Amino acid sequence: MGEQFEKKRDAIYDARELGRPKMFLLGLQHMFAMFGATVLVPILVNSYFQGEGLSVQVTLFMAGLGTLFFHFCSKFKVPAFLGSSFAFLGGFATIAELNTGIYANMSYGEKLPYACGGIVVAGLLYLVLAVVIRLVGVKRVMRYLPPVVTGPIIICIGLSLAGSAINNARTNWFLALIALSTIVIFNVWGKGIFKIIPILMGVVISYAAALVMQFTGLTNPDGSAVIDFSSVVATSWAGLPPFQLCKFDITAILVMAPIAIATMMEHIGDISAISATVGENFLENPGLHRTIVGDGLATALSATFGGPANTTYGENTGVLELSHVYDPRVIRIAACYAILLSFVPKFASIISSLPSAIIGGISFILYGMISAIGVRNVVENRVDFANSRNLIIAAVILVSGLGFSSGVTFTVGGTPITLTSLAIASITGILLNAILPGNDYHFGVNARGDAMRGVSLKR
């Protein structure tokens with residue numbers, strides 16, 4: 001992997017030579033690149049929690065703060081932005097529908113802090129991985145988490161949410177198709193920055209179409225208004241993000257914690273991709289253990305105060321490739337923009353007024369893309385399915401992840417505990433990979449494969 005980490009001659013590693021105005025514009029570009037995907041996570045989670053889910057304001061604040069915290073942990077060397085993680089969407093959807101034990105009589109809003117508590121624990125698991133990597137090295141650790149395990153797990157994450165996408169889209173198929181088509185067009189034929197922000201463009205253009213329908217008197221097929229502006233009118237222009245403290249319960253922890261397997265692999269893939277893009281080996285300096293600590297603590301910090309999990313964003317890696325400006329200072333400027341925007345409640349209300357049909361159209365392709373990325377993970381790492389060992393592991397993960405739709409509930413010490421389908425799939429996959437002979441995966445041999453390990457939507 002040595003050649004790909006040579007510094008590039010035409011790149012700018014210190015943006016101060018461009019002057020402050022250009023630095024601020026470049027930071028704004030990074031903010032826009034992450035914006036569409038980052039705010040989409042609370043919008044989707046709100047659809048699972050019937051409007052009582054994550055706050056867009058808190059999400060933006062924690063994305064900015066988490067990014068700054070990550071830069072501190074990584075010695076201010078890695079030009080990475082931390083946005084909302086899509087990997088935990090399935091966990092949020094599962095917790096929203098829990099109706100056993102302490103969740104039996106809870107409202108959706110009362111369940112949310114427990115979902116965030118599960119994410120806190122998931123983030124802290126990063127610290128365990130960081131310590132192990134520091135002690136034994138990344139290559140030994142990755143033998144227990146090869147693509148034949150992580151790929152099928154990511155496939156399950158996407159497919160488990162398919163029903164939600166259809167239910168939202170059917171409220172107005174016309175709007176859903178506009179959102180879906182816009183994302184496809186910009187993702188395939190977009191140029192420059194527009195190719196990197198297809199989700200943001202899908203939101204903007206479909207919302208504009210919804211506004212036209214609203215003001216021309218059109219309604220959804222069921223007769224309801226296309227957009228509900230009541231919350232927008234009632235919201236002020238300035239205000240603090242509505243933070244709330246997380247809560248802990250073993251069932252919610254067991255829902256969320258196994259997802260950290262996918263997000264930790266995503267982190268390793270993104271740091272590999274950023275290293276290749278920038279031409280510096282961030283896996284060695286400041287070290288993968290430091291970047292994992294930064295990502296994990298940023299995730300735990302975000303969820304502690306009611307935000308989603310954070311993750312390194314592939315979209316911003318695309319901006320690095322586009323601009324050839326690799327100065328982490330520019331990313332920190334983008335983080336500050338996100339924090340400032342979080343103090344504008346009216347803007348957050350406008351985002352939250354996004355019609356369900358648009359959410360359905362975006363998630364229609366998003367959830368499918370997550371599963372397709374799992375397939376890409378397997379393909380790029382050249383997993384040999386002629387090998388019966390690999391077939392067995394993938395088969396058990398897929399059937400467990402999609403078959404145990406209601407999970408498995410059991411009682412320990414009078415407390416009901418639920419293992420979700422994804423938890424069962426993750427545990428069985430890791431155990432089978434450790435037990436069955438013939439594990440031939442070696443991290444670092446296939447650099448492109450190593451950079452394609454997570455659920456980031458752009459590389």
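This passage looks at helix packing, a buried valine and some unusual backbone angles in a predicted model. Residues are numbered from 1 along each chain as its sequence is written, and side-chain values use heavy atoms, leaving out hydrogens and water. Because the model is predicted, local features need pLDDT of at least 70 and side-chain atom pairs count only at pLDDT 80 or more, whereas totals for chains, interfaces and linings use all residues.

Two helix pairs make a good starting point. Helices here are DSSP runs of H or I with at least four residues, strands are runs of E with at least two, and both are numbered from the N terminus. The axes of α3 (residues 89–96) and α4 (residues 108–136) come within 9 Å and cross at roughly 140°. That crossing makes α3 oblique to α4 (angles under 35 degrees count as roughly parallel, over 145 as roughly antiparallel, 65 to 115 as roughly perpendicular, and the rest as oblique). From α3, Phe 92, Ile 95 and Ala 96 meet a set of α4 residues that includes Tyr 108 and Lys 111. By class, this contact has seven nonpolar, no polar and one charged residues.

The second pair is α6 (residues 147–159) and α13 (residues 260–278), whose axes cross at roughly 115° and come within 10 Å. Here Thr 150, Ile 153, Ile 154 and Ile 157 of α6 make the contact with Ile 261, Ala 262 and Met 265 of α13.

Helix α8 (residues 173–189) has 17 residues and reaches 23 Å from its first C-alpha to its last, close to the 24 Å expected at 1.5 Å a residue. Among its buried residues (under 20% relative accessible area; exposed is over 50%, and partly exposed lies in between) are Leu 175, Ile 178 and Phe 186.

Val 232 lies in helix α11 (residues 230–234) and is buried, with a relative accessible area of 11%. Leaving aside neighbours within four places in sequence, Val 232 is in contact (heavy atoms within 4.5 Å) with Lys 346, Ser 349, Ile 350 and Ser 353. The C-alpha atoms of Val 232 and Ala 348 are separated by 8.6 Å, although these residues are 116 residues apart along the chain.

The backbone also holds a few surprises. Gln 50, in the loop between α1 (20–48) and α2 (56–73), has a positive phi near 55° without being a glycine, and is exposed at 54% relative accessible area. Lys 75, also not a glycine, has a positive phi of about 60° and is partly exposed, at 42%. Finally, a cis peptide bond with omega of about 15° joins Asn 285 and Pro 286, and Pro 286 lies in helix α14 (residues 283–304).

Key: Axes fitted to C-alpha atoms, helices over the stretch in contact; angles between N-to-C directions. Nonpolar A, V, L, I, M, F, W, Y, C, P; charged D, E, K, R; others polar. Expected span 1.5 Å × (residues − 1). Buried < 20%, exposed > 50% of the residue type's maximum accessible area, 1.4 Å probe, protein only.
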